[in-house]
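Trainee: Could you take me through one part of this protein up close? I'd like to see how a helix packs against its neighbour and where that sits in the whole fold.

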Amino acid sequence: MVKAVVLGAAGGIGQPLSLLLKTSPLIDELALYDVVNTPGVAADISHISTTATVTGFLPADDGLRHALTGADIVVIPAGVPRKPGMTRDDLFKVNAGIVRDLAKGISEYCPKAYTLIISNPVNSTVPVAAEVFRNAGVLDPKRLFGVTTLDIVRAETFAQEFTGQKVPSATTIPVVGGHSGETIVPLFSQAQPSFNVPEAKLDAIVNRIQFGGDEVVKAKNGGGSATLSMAYAGFRFAEKVLKAVSGEKGLVEPSFVYLPGVEGGEEIAKEVGVDFFSVPVELGPSGVVKANNVLANINDYERKLLEVAIKGLKGNIEKGVEFVKNPP
Ligand code: NAD
Ligand code: LMR
C-alpha cells in the first residue's frame, strides 16, 4: 500500500498535481493538506474512478498529523508564488517558515517518507528541511529531494528545434546546479542522444531555460507563476521515485540533493564546493542510489556557467541553513 501526501494541495500547483497523482496506479491512498479549501478539492478529486482513496485535511483537528501518518511520499508545493518584479529569494521570508513547519511535521509523523520540495526558493528551502530533519535525528539525504524537474522539462522543450525529436522528452538533457536564474545550468554537451546548438543561438537558449520561470510570471501578469507545467514536472519526478521504490531499474532524473549524504555525492561536493546541488540521481528502493557526476567532460562554456551558478548557490544554501540554526 502506497500513501502519497500533497502539502499545499489546494493551490495552483497543488490541485493539478493532486489530480495527476490520483491517476497513478502506483498510489493507493492520497491525502491532501492545505490551510484552506482541501475538503472541496478532496471531494472533487475523490469522484475520479481510479485506485487511490482520497482524503482532505485542514490544520484544525490535528489535520497535518492525520494527513502525514503512514505517508510513503510527501510532495510540498505549499507557499507563496512570485509576482512580476520579484525574485524567488523574495519568497524566502514566508516560505522558509512554511517549509520548516511542514518538515517538522514530517519528522514527527512520517520520518521515513520521501520528501519532495517544490516550494521556492528551492535553493534555500531544501537546506531548511534538511536542517529540521537533522535536528530531529531523521535526516536521510537519500530521501530528501528538491524538485528541479521543471528546468529539465523546459530544456527538453526549448531545445526541440535542435534535437529534432518528435517527442521533446526523448532527449535527456542534464540540468545541474540550483533552481533560480543563473544557478540553473543546462549541460547540452552531456545530452543523450547528442545534438548541436549553433554557437550563435547558445546564449539565447541557455537564458530561456534559466529564466523560463520569469517568462511565465510575466505572462500571468500578477496571477502567479508556473503551476500546470510544474504539476506535470512534479508528477513526473514523484512517479519516478515511486516506480523506483516498486523495483523498476534505470530511473535517473536530476534533483537538488544533499551531496555528502548520497553515494557518489562527496566527490561532486568537493568539485563544486557546495553541499546542496542538483545532479542526475539514480533512483532505487531506498531513494537515491547514486549521484551521477556529469561534470567531468563539460565544455569551457558550461564550466563558466557553473562557476557563476556556484557563487549564487553558496549564499542561498547558507541562508536556508542559518534560518534553522539561528532563527530570526
Ligand atoms: P499558490 O499560492 O497557488 O498555492 C500555494 C498553496 O499553499 C495555497 O493553497 C496555500 O493555501 C498553501 N499553503 C500556504 N501555507 C501553507 C501551509 N503552512 N501548509 C499547507 N499549505 C499552505 O502557489 P503555487 O503557484 O501553487 O506555488 C507554490 C510554490 O511553488 C511557490 O513557492 C512557487 O514559487 C513554487 N514553485 C516552484 C517550482 C519549482 O520548479 N520548484 C515551480 C513553480 C512554482
Ligand atoms: C519556475 O521556475 O517556474 C518556478 O520556480 C516559479 C517561479 O517563481 O518562476
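Mentor: Sure, let's look at one helix, its partner, and then the domains around them. Keep in mind that this is a predicted model. The protein is divided into domain 1, residues 3-146, and domain 2, residues 149-319. Their centres, taken over C-alpha atoms, are 21 Å apart. Where the two domains meet, 33 residues of domain 1 and 38 residues of domain 2 take part in the contact. On the domain 1 side, helix H1 (14-22), strands S4 (73-76), S5 (114-117) and S6 (144-146), and helix H5 each bring at least two residues. H5 gives the most, with six residues. By class, that side of domain 1 has 23 nonpolar, five polar and five charged residues.

So let's zoom in on H5, which covers residues 122-135 and packs with helix H12, residues 300-325. Their axes are 7 Å apart, at an angle of about 35°, and the crossing is right-handed. Want to find the contact on screen? From H5, pick out Asn-123, Ser-124, Thr-125, Pro-127, Val-128, Glu-131, Val-132 and Asn-135. From H12, look for residues including Leu-313, Asn-316, Ile-317, Gly-320, Phe-323 and Val-324. Sorted by class, the H5 contact with H12 has eight nonpolar, six polar and three charged residues.

For another pair, try helix H6 (residues 149-158) and helix H8 (residues 199-210): their axes come within 9 Å and cross at roughly 145°. The crossing of H6 and H8 is right-handed. The H6 contact with H8 has four nonpolar, no polar and three charged residues.

Note on methods
Residues numbered from 1 in each chain as written. Chains lettered and ligands numbered in written order. Predicted model: local features only at pLDDT ≥ 70, side-chain atom pairs only at ≥ 80, totals over all residues. Axes fitted to C-alpha atoms, helices over the stretch in contact; angles between N-to-C directions. Helix = DSSP H or I, 4+ residues; strand = E, 2+ residues; numbered from the N terminus. Left-handed = near helix turned anticlockwise from the far one by under 90°. Contact = placed C-beta atoms within 7 Å. Nonpolar A, V, L, I, M, F, W, Y, C, P; charged D, E, K, R; others polar. Domains from an automatic or database assignment.
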